[in-house]
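This report walks through a few local features of one protein model. Please keep the sequence and the 3D view open while reading.

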Amino acid sequence: MIWGIFKRDMCHATRNVIAVIVSMGLVVVPALYAWFNIAASWDPYGNTKALKVAVANNDKGYKSDLIPVRVNVGETIISTLHANDQLDWQFVKSDKAIDGVKSGEYYAAIVIPKGFSADMMTLFSPDIKHAQLKYYLNEKINPIAPHITDQGATTVVNTIDKTFAKTIAQVGLDLASSILHYSQSPQMAEYMRNLNGNLTTMADTLSGASQQVTSYSQLLGSANDIVDSTGKLLASATKAGKQAQNALKQGKSGATSLTSAGANVTSSVNTALDQVSGAFDQVAAKVNKAFDAIGKDSDTAASQLATLSEQISSGESLYDTYITSLNHMRESVEQLPDSDSAKQALLEAIDREITLLEAAKGDSQKLAQQLKDASTQVTQDTAAAERSRKEILNRITSAKQSISNVRDDYATNVKPKIDALASTVSTLISQTDSMITQLSGTADDLDDATGDAGTNVTSIRSTLGAIAKKLDSSAATVKELITKLETGGNAGDGNSDGGNGGNDASSSDSGESDELRALATANASTLSTLISAPVALHRVSVYPIANYGSAMAPFYTILSIWVGAIILCAMLKVTISDREKAHVLGLGDTLPRIAGPFGPGNASRWGLRLDHEYFGRYAIFALLALLQGTLVCLGDMYFLGVQANHALQFLAVGWLAALVFSNIVYTLTVSFGDIGKAVAVVLLVMQVAGSGGTFPIETLPKFFQMLYPFLPFPHAIDAMHAAMAGSYGNEYLLDMVYLALFLIPSLLLGLVLRKPVIRLNNWVSRNLESTKVM
């Protein structure tokens with residue numbers, strides 16, 4: 001079916017001369033569009049000689065009283081521009097130059113003001129002025145011309161900079177040469193001998209002054225040793241007083257801690273022992289009550305005994321509290337000075353009290369265990385239970401006696417010793433602290449006096465030492481200057497009047513003098529040119545393009561292929577008539593009436609499907625598009641001479657772009673009719689602005705930068721650039737793949753998505769036809 005449609009289309013396209021001429025025109029017109037644009041932009045920046053730029057020189061020049069050299073930068077600029085053919089320079093008066101820019105006679109004008117040279121020479125004065133050129137520009141004549149004339153103005157500025165630097169360098173070198181010649185005259189030799197004599201006397205005077213200052217500094221150093229010894233003695237006394245005072249503070253803290261700990265322990269003893277003694281009396285009564293109930297209710301008696309055992313066990317924390325308080329008190333006693341005789345007796349009393357408390361705690365633990373054992377025996381053996389009663393009551397009596405021993409021992413041995421020790425230590429500390437405070441104050445006063453004296457002496461010695469070093473340094477500098485002057489004089493004489501030894505001593509400096517002489521006697525013009533432009537730009541082209549026309553060829557070639565696709569859809573019918581469908585199906589000149597009204601897919605019941613119609617009619621579009629792409633690419637390479645390092649790749653890009661672009665425009669037209677053609681034109685305009693073919697995409701607005709990857713133009717242009725100048729890695733293949741991917745949405749729209757809108761498109765077409773205008 002597809003072949004049948006294509007074969008009939010080819011027959012119709014070549015049926016008469018007019019059809020052949022139109023077909024040839026469809027192939028040639030896009031190529032002409034590309035070739036005219038490429039040829040017009042072949043070398044625009046090489047044809048700027050006809051751009052008129054006026055130059056007016058009002059510079060009065062400058063001549064310094066110090067250096068008798070006349071400088072006129074304006075005249076230098078005019079001379080340079082006469083030899084410059086970059087633009088069509090017009091040398092006129094300033095009024096005519098400005099008026100010519102306004103009238104459009106000149107694209108731009110450069111006016112050199114009167115004080116231009118004088119302003120440039122303020123570089124050597126405190127009041128520096130920036131020399132300025134007046135640049136007048138007519139920007140409405142042409143959008144590109146201002147940029148070209150800007151480049152010309154930049155050339156003028158660079159010329160001025162180089163000329164100025166060259167002039168200054170040449171003046172400096174000439175001055176250095178004159179000084180060198182004068183240094184070799186007899187007058188300079190006599191002046192140098194007198195100067196050497198005066199400098200030698202000055203160096204001797206500086207050395208003598210340095211020695212006197214050093215001697216005075218040593219004398220002050222001896223006095224400072226005496227002051228330092230006195231200061232050290234007073235420092236020792238002060239340190240000893242502070243150590244004693246710190247020790248007294250520690251003792252006072254210990255005494256305070258001891259008193260506090262004693263008070264806490266006394267309170268803990270009275271409270272704890274009273275609680276424990278009363279608790280044991282209650283326990284004895286409850287034990288008798290529990291054992292009396294054995295015969296009546298053994299379970300209740302066992303429960304009561306178990307409860308008593310738990311109460312006794314929980315009361316052991318009182319012993320721990322008391323023992324902890326005694327340990328804290330013992331730590332406070334240990335802080336007291338070891339020389340105190342009462343300290344050891346008190347420590348022994350506290351240790352004995354802790355031992356008694358540990359014994360009382362053990363009696364309580366045994367009592368609790370016996371009560372626990374008795375709680376299990378009362379239900380088993382009445383006789384054994386009676387024996388347990390006696391043992392428990394005896395244990396209660398023993399525990400109460402242990403508590404009484406603890407209380408008596410604390411009251412008679414521990415507490416009196418604590419109170420006496422604390423009182424004695426506190427009195428001693430108060431008396432001694434007063435004496436040490438007075439001693440420390442006296443030592444501090446004496447230490448301040450000796451310290452100030454030592455500091456003053458040290459400061460004076462430091463100042464004198466610095467003065468001596470400065471004097472020695474100045475003397476050494478003067479002597480070094482004398483040596484250099486003598487060496488320079490010998491080197492300048494060029495003989496051995498000073499003896500062999502003098503020549504040997506100046507051999508190293510002679511090389512430097514020779515280098516200076518060579519620099520001063522060299523060609524001043526050559527050196528000044530080097531100084532004015534020390535850096536040269538070496539341009540290395542990566543993937544070089546022969547000319548501007550070749551650089552613009554990809555953009556205009558791809559653009560012409562898209563324009564060719566639009567022309568094809570404008571000149572050729574995208575729909576197939578019912579008559580053509582009937583001939584392809586072999587049904588005669590018309591389709592049967594049951595086919596319905598004219599439209600896509602109305603012959604599908606006889607086997608001519610919608611996809612057959614799509615590809616059958618597109619075949620002639622594809623053929624003509626390939627011819628367009630082939631012609632324009634061959635013309636670029638062999639007619640215009642566009643650079644193409646890889647000719648076959650260059651052609652392949654044209655072929656692929658022709659297929660992709662023609663399919664996109666064909667699909668839009670098939671799916672949406674004339675509206676689709678309008679969409680194709682809109683896409684063309686968007687891609688002209690946002691493809692990066694002229695300006696880098698980074699310089700375009702954000703909208704175009706975001707849209708850039710989703711347009712076919714950029715990938716086709718990049719692929720053609722790679723074919724022209726060379727590819728980096730797989731750059732060419734990737735761009736070709738990206739370009740081919742645009743066929744997917746186009747075919748999807750033409751074969752699948754357009755089915756639901758066929759009726760809508762037919763309705764729009766009928767309404768447009770009914771206007772008799774559209």
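The sections below deal with a strand, a surface patch, a group of aromatic rings and two single residues.

## A buried strand

The model is a predicted one. Strand S5 covers residues 108-112, and five of its five residues are buried, so the strand is largely enclosed by the rest of the structure. The side chains point in two directions: Ala108, Ile110 and Ile112 go one way from S5, while Ala109 and Val111 go the other way. Residues on both sides of the strand are buried.

Which strands pair with S5? One partner is strand S1 (residues 52-57), which pairs with S5 in the parallel sense over five bridges. Within this pairing, Val55 stands opposite Ile110. Another partner is strand S6 (residues 134-137), which runs antiparallel to S5 and is joined to it by four bridges. Here Val111 of S5 stands opposite Lys134 in S6.

## A nonpolar patch on the surface

Val17, Ile18, Ile21, Val22 and Met571 make a nonpolar surface patch of about 490 Å². Which helix gives the most to the nonpolar patch? Helix H2, residues 17-40, gives the most, with four residues.

Val22 can serve as an example from this patch. The residue is found in helix H2. Its relative accessible area is 35%, so Val22 is partly exposed; the range for that class runs from 20% to 50%.

## Aromatic rings

A search of the whole structure finds ten aromatic pairs. One of them is Tyr614 with Phe615: the ring centres are 5.1 Å apart and the planes meet at 90 degrees, so this pair is edge-to-face. Planes over 60 degrees apart are put in that class. The two partners differ in exposure, because Tyr614 is buried at a relative accessible area of 1%, whereas Phe615 is partly exposed at 30%.

Phe621 and Tyr666 form a pair with ring centres 5.0 Å apart and planes at 50 degrees, so the pair is tilted. This pair links distant parts of the chain: Phe621 is in helix H17 (residues 610-640) and Tyr666 is in helix H18 (residues 647-672), 45 residues apart. Phe621 has a relative accessible area of 1% and is buried. Tyr666 also counts as buried, at 1% relative accessibility.

How do these rings fit together? Ring pairs link Tyr614, Phe615, Tyr618, Phe621 and Tyr666 into a cluster.

## A buried glutamine in H17

Helix H17 also holds Gln628. Is Gln628 buried or exposed? With 2% relative accessibility, Gln628 counts as buried, because the cut-off for that class is under 20%.

What is Gln628 in contact with, leaving aside its neighbours within four places in sequence? The list consists of Leu26, Val27, Pro30, Ile561, Gly564, Ala565 and Leu568.

## An asparagine in a loop

Asn602 is found in the loop between helix H16 (578-585) and H17. Asn602 counts as buried, since its relative accessibility is 9%.

Leu591 and Asn602 are eleven residues apart along the chain. The C-alpha atoms of these two residues are separated by 9.3 Å.

Conventions. Residues are numbered from 1 along each chain as its sequence is written. This is a predicted model: local features need pLDDT of at least 70, side-chain atom pairs count only at pLDDT 80 or more; totals for chains, interfaces and linings use all residues. Side-chain values use heavy atoms; hydrogens and water are left out. Patches are made of residues with over 30% relative accessible area and no salt bridge: like charges are joined within 9 Å, nonpolar side chains (Val, Leu, Ile, Met, Phe, Trp, Tyr) within 5 Å. Accessible areas come from the Shrake-Rupley method with a 1.4 Å probe; for residues, only the protein chains shown count as cover. A salt bridge is a side-chain nitrogen of Lys or Arg within 4 Å of a carboxyl oxygen of Asp or Glu. Buried means under 20% relative accessible area, exposed over 50%, partly exposed in between (1.4 Å probe, protein chains only). Two strands pair if DSSP finds at least two bridges between them. Rings of Phe, Tyr and Trp (its six-membered ring) pair if their centres lie within 6.5 Å; planes under 30 degrees apart count as stacked, over 60 as edge-to-face and the rest as tilted. Contact means heavy atoms within 4.5 Å.
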